[in-house]
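Trainee: I would like a close look at one part of this model. Please take the aromatic side chains and go through them in order.

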Amino acid sequence: MSRRSAIFLGTLVVLLFGLLGLYLYSIAEPYQETVKHGPAPEVRANPFLAAEHFLQRRGLTVQRADSLGMLSALPSPGQTLMLLGDRGEMSPRQAERLLQWAAKGGHLLFVAERLWEENEGKSGDLLLDSLGIQQLLSEDLDTEEEHAETDESEEAEEADEDWEDVEDSSEQAESPADRSAESDMPPPQPGTYPELTKLYLENEQAPAYFDFDTDYHLFDAQNRAHAWANSAEATHLLQLYHGDGLITVLTDNLLWQTDEIDEYDHAWLLWYLSQDTAVTLLYNSDHRGLGSLLLRYFPQALAAAALLILLLLWHVGQRHGPLQAPASRARRQLEEHLRGSADFMLRRSGQQSLLQGLQQDIQRRARRRHPGFERLGVAEQWQVLGRLTQQPTSAIGQAMRPTTQRLSASQFTRQVAHLQSLRNAL
């Protein structure tokens, strides 16, 4: 191919590519696409980060805590402590300290974690049991209502049989209309969001709505609550006075997590419960030790390590070399064993311990021979020992008197012999 042909062919290829580019450009349409990478790592690590920022924007002082150790430095008045984490490892002492903190003027808010066990008479939730609040399943309330209706029908039949007595007493009874008129809570509005929880406020025409988990119900067994929020079938928020402070109990805290706080009146409720106070958010009061964390997340590694240690001990414990023949039992006399045992006790315990042991043995035998011996004075005890052993009181006093200095070998031997003679005489 000649040079001129190559230039011509190259020019033609460039022209074709240029025309193709112009055609593609003419039919191309620009567009924008948003790629979502999900929440930031800080948001994924803290489900209540949006709630924390919301309170800060409302002008409240908000701090985050990771353990109940900060309670000693946290003043009670003007403070709201929200326990939003798991309380499974909370000790009775910690629960008592929380209630004492609230009684001094603080506002304690926590989530009920355990269901009430009728057979045991408790739920196992230390805070709930201390306040007399029971958490039940909402489905169990239907069964209780059926029993109540059955009891009411039986009472109605009995009332028909004794109508005259009922008629006389009905004139003095309080009517349902009078009881409802005394209630501070406005009547619920039927047919409006029955699956939502409603909170009625004074001087408000409409209630606030919250999306609590309707599977659970809070029951105030001691009738201490002064405010509450109900769905169509159950109660999900209770508030009661405790000493000089306030306690709020919820069935769940999912409504304040990042993906739900902007729904209904969830954010408003968070502000309403913490207004005019400084807020401390406790996300996790369950700080386990290294051993429990390893057992929870690495059980297989711990099992392998334990097996390795056992194999190592088995290897180290193996015998190396021939077995040694056991020593002959007849190679020593009984007197040698007794002397060796006595020398060991003397070196290990000292003279004072051995002498005190003999003196205490004498006193035990004297108590059996002479009732009330232990209540006598020292001089009287020596006189009683003298009568029982037929030995002079001075010798008994010398033998039973505590020694404060180390005795020589001959003095120690005589002292022991004297005490043994006293003991044998008893």
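Trainee: Is Tyr272 buried, partly exposed or exposed, and what is its relative accessible area?

Mentor: This is a predicted model, and the values below are computed from it. Tyr272 has a relative accessible area of 30%, so the residue is partly exposed, since that class lies between the 20% limit for buried and the 50% limit for exposed.

The surroundings of Tyr272 come next. Phe210, Phe212, Trp268 and Tyr272 make up one aromatic cluster, and the structure contains three aromatic pairs. One of these pairs joins Phe210 to Trp268: the ring centres are 6.4 Å apart and the planes meet at 10 degrees, so the two rings count as stacked, the limit being under 30 degrees. Phe210 belongs to strand β6 (residues 208-210) and Trp268 to helix α9 (residues 266-274), so this pair connects distant parts of the chain, 58 residues apart.

The two partners differ in accessibility class. Phe210 is buried because its relative accessibility is 0%, while Trp268, at 27%, is partly exposed.

Trp268 also pairs with Tyr272, again stacked, with 4.9 Å from centre to centre and 15 degrees between the planes. Trp268 and Tyr272 are four residues apart in helix α9, so about one helical turn separates them.

A further contact involves another tryptophan, Trp271. The charged end of Arg58 sits over the ring of Trp271, at 5.2 Å from the ring centre.

Notes: Residues are numbered from 1 along each chain as its sequence is written. This is a predicted model: local features need pLDDT of at least 70, side-chain atom pairs count only at pLDDT 80 or more; totals for chains, interfaces and linings use all residues. Side-chain values use heavy atoms; hydrogens and water are left out. Rings of Phe, Tyr and Trp (its six-membered ring) pair if their centres lie within 6.5 Å; planes under 30 degrees apart count as stacked, over 60 as edge-to-face and the rest as tilted. Helices (H or I, at least four residues) and strands (E, at least two) are DSSP runs, numbered from the N terminus. Buried means under 20% relative accessible area, exposed over 50%, partly exposed in between (1.4 Å probe, protein chains only). A charge sits over a ring if NZ of Lys or CZ of Arg is within 6 Å of the ring centre and within 35 degrees of the ring normal.
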